[in-house]
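This briefing is intended for a reader who has the sequence and the three-dimensional model at hand. Please keep both in view while working through the topics that follow.

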Amino acid sequence: MKVTKKLVFAAFLLVICILIHFYSLNQLRVENGYSARFSPAFTQFLRSILGRIPFSIGDFIYGGLVIWITWSLVRFVGTLLRQGAVSSRKSYLLQSAYKLFVFCATIYILFNLFWGINYDRKGIAWQLSMSMEKYSEQDLKDVNNLLVQKINLSKRVLLKNETNYPSNRELYNEVNRSYKKLAGKYSFLQYNPASLKTSMWGWLGNYTGFTGYYNPFTGEAQVNTSVPSFLQPFIACHEVAHQLGYAKEMEANFVGYLAASTSTDTLFHYSVYLDLFTYANRTLYLLDSVNAKMYRKQLDSAVVSDIRIWAEFNRKHRSPVEPIIAWIYGNFLKGNRQPQGLLSYDEVTAFLISYYKKFGKI
């Protein structure tokens with residue numbers, strides 16, 4: 001009877017997983033149903049509960065989960081080695097396989113119901129009626145040129161005004177104001193209540209390549225505030241985009257751009273244009289390395305200095321773990337409609353070009 005109940009429960013979880021998969025096959029259905037109705041209301045509910053708490057509940061959950069998984073693996077190996085008879089080992093392995101399936105299926109179901117189905121929505125390009133046609137090499141050069149001008153101009157303003165970098169709280173407040181202003185133009189980008197927090201695992205993120213992340217189980221967005229300050233405004237705007245249901249990285253980059261460029265704070269402009277330039281210039285480099293280098297040479301010396309600080313920061317925090325994490329995360333992205341893996345971040349360039357062609361500005 002006990003075995004039968006376990007099989008029934010496992011079958012029940014499997015059916016739910018299959019139903020989620022088939023529901024997600026229709027992007028328009030996901031967009032008009034899950035992404036436009038359920039997801040905004042549910043994530044808003046999560047933020048209304050946890051947003052007032054000054055620290056990240058999700059970070060504690062992740063920390064506890066890592067400890068629990070490590071302890072479970074140690075216990076599994078120890079128990080397996082203590083099993084004398086072959087039949088006992090086989091029985092224990094079957095029980096463990098069942099528990100592993102239940103755990104993975106439950107995580108899959110919760111992840112998708114809470115947020116993950118957003119990977120299968122139509123997305124921001126569809127909402128803005130942007131034509132995502134293949135762009136030309138000249139389009140790429142034009143965007144590189146425009147971004148260089150934007151970067152240099154914003155950096156000169158910052159230096160002239162002797163602008164100081166904001167505190168974490170000031171940074172998050174400006175992100176909220178930027179999204180509030182953006183929502184006046186696009187109501188579907190309404191961000192309220194806010195739940196943007198400083199990661200307690202920032203030091204670890206430096207060695208694993210994470211500058212920020214969204215926790216779909218708590219609705220919280222975390223920012224690694226130990227990275228260079230000029231990167232943080234765009235990182236924060238990017239993570240809020242995930243909170244608003246834009247799961248794909250290039251879409252979160254683009255929505256983050258819309259928010260940061262809408263801000264009245266020049267530091268936000270500098271942060272977003274510098275980040276977008278790295279993507280656009282890297283893409284151009286693959287097609288025309290000569291012109292890509294030419295645009296980099298047009299950057300002001302103060303901007304080049306920041307890029308060196310960025311590169312030095314990354315160099316100091318290299319670790320043997322980072323390539324492994326990058327491979328795992330890259331494959332996760334590929335499994336969620338982002339076939340370019342980690343290079344999906346670079347695909348924001350296509351959104352930027354399309355936006356420029358439609359609205360005539362960046």
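Leaving aside its neighbours within four places in sequence, Leu-276 is in contact with Leu-147, Phe-234, Tyr-257, Val-348 and Leu-352. The model is a predicted one. The points below turn to the nonpolar cores, one bent helix, the cysteines and a threonine.

**Nonpolar cores**

- The largest nonpolar core has 64 residues, and Leu-276 is among those that touch the most other members.
- Leu-147, Tyr-179, Leu-196, Phe-254 and Tyr-257 also belong to this group of residues that touch the most other members.
- Helix H11, which spans residues 266-287, gives the most to this core, contributing 11 residues.
- A second core, separate from the largest, has 9 residues, including Cys-17, Tyr-34, Ala-105 and Ile-117.

**Helix H2**

- Helix H2 covers residues 27-50 and has 24 residues.
- The C-alpha atoms at the two ends of H2 are only 30 Å apart, whereas a straight helix would reach 34 Å at 1.5 Å a residue.
- H2 bends by about 40 degrees at Tyr-34, and Tyr-34 is also a member of the second core.
- Tyr-34 is buried, and the other buried residues in H2 include Val-30, Glu-31, Ser-35 and Ser-39.
- Further along H2, Phe-42, Thr-43, Leu-46, Arg-47 and Leu-50 are buried as well.
- Asn-26 caps the N-terminal end of H2, with a side-chain oxygen 3.1 Å from the backbone nitrogen of Leu-28.

**Cysteines**

- A disulfide is a covalent bond between the sulfur atoms of two cysteines.
- The structure holds 0 disulfides.
- Cys-17 is in no disulfide, and the nearest cysteine sulfur, which belongs to Cys-104, is 9.8 Å away.
- That distance does not meet the cut-off, because a disulfide requires two cysteine sulfur atoms within 2.5 Å.
- Cys-104 is likewise in no disulfide, and its nearest cysteine sulfur is that of Cys-17.
- Cys-17 has a relative accessibility of 14% and therefore counts as buried, since buried means under 20%.
- Cys-104 has a relative accessibility of 40%, so this residue counts as partly exposed.

**Thr-208**

- Thr-208 is found in helix H8, which spans residues 202-208.
- Thr-208 is buried because its relative accessible area is 15%, under the cut-off of 20%.
- The side chain of Thr-208 reaches the backbone oxygen of Leu-204 at 3.1 Å.

Technical notes
Residues numbered from 1 in each chain as written. Predicted model: local features only at pLDDT ≥ 70, side-chain atom pairs only at ≥ 80, totals over all residues. Heavy atoms only, no water. Core = buried A, V, L, I, M, F, W, Y, C linked by side-chain atoms within 4.5 Å. Buried < 20%, exposed > 50% of the residue type's maximum accessible area, 1.4 Å probe, protein only. Helix = DSSP H or I, 4+ residues; strand = E, 2+ residues; numbered from the N terminus. Contact = heavy atoms within 4.5 Å. Expected span 1.5 Å × (residues − 1). Bend = angle between axes of the 7 residues up to and from the residue. Polar contact = N/O pair within 3.5 Å; in protein donor to acceptor, adjacent residues only side chain to side chain.
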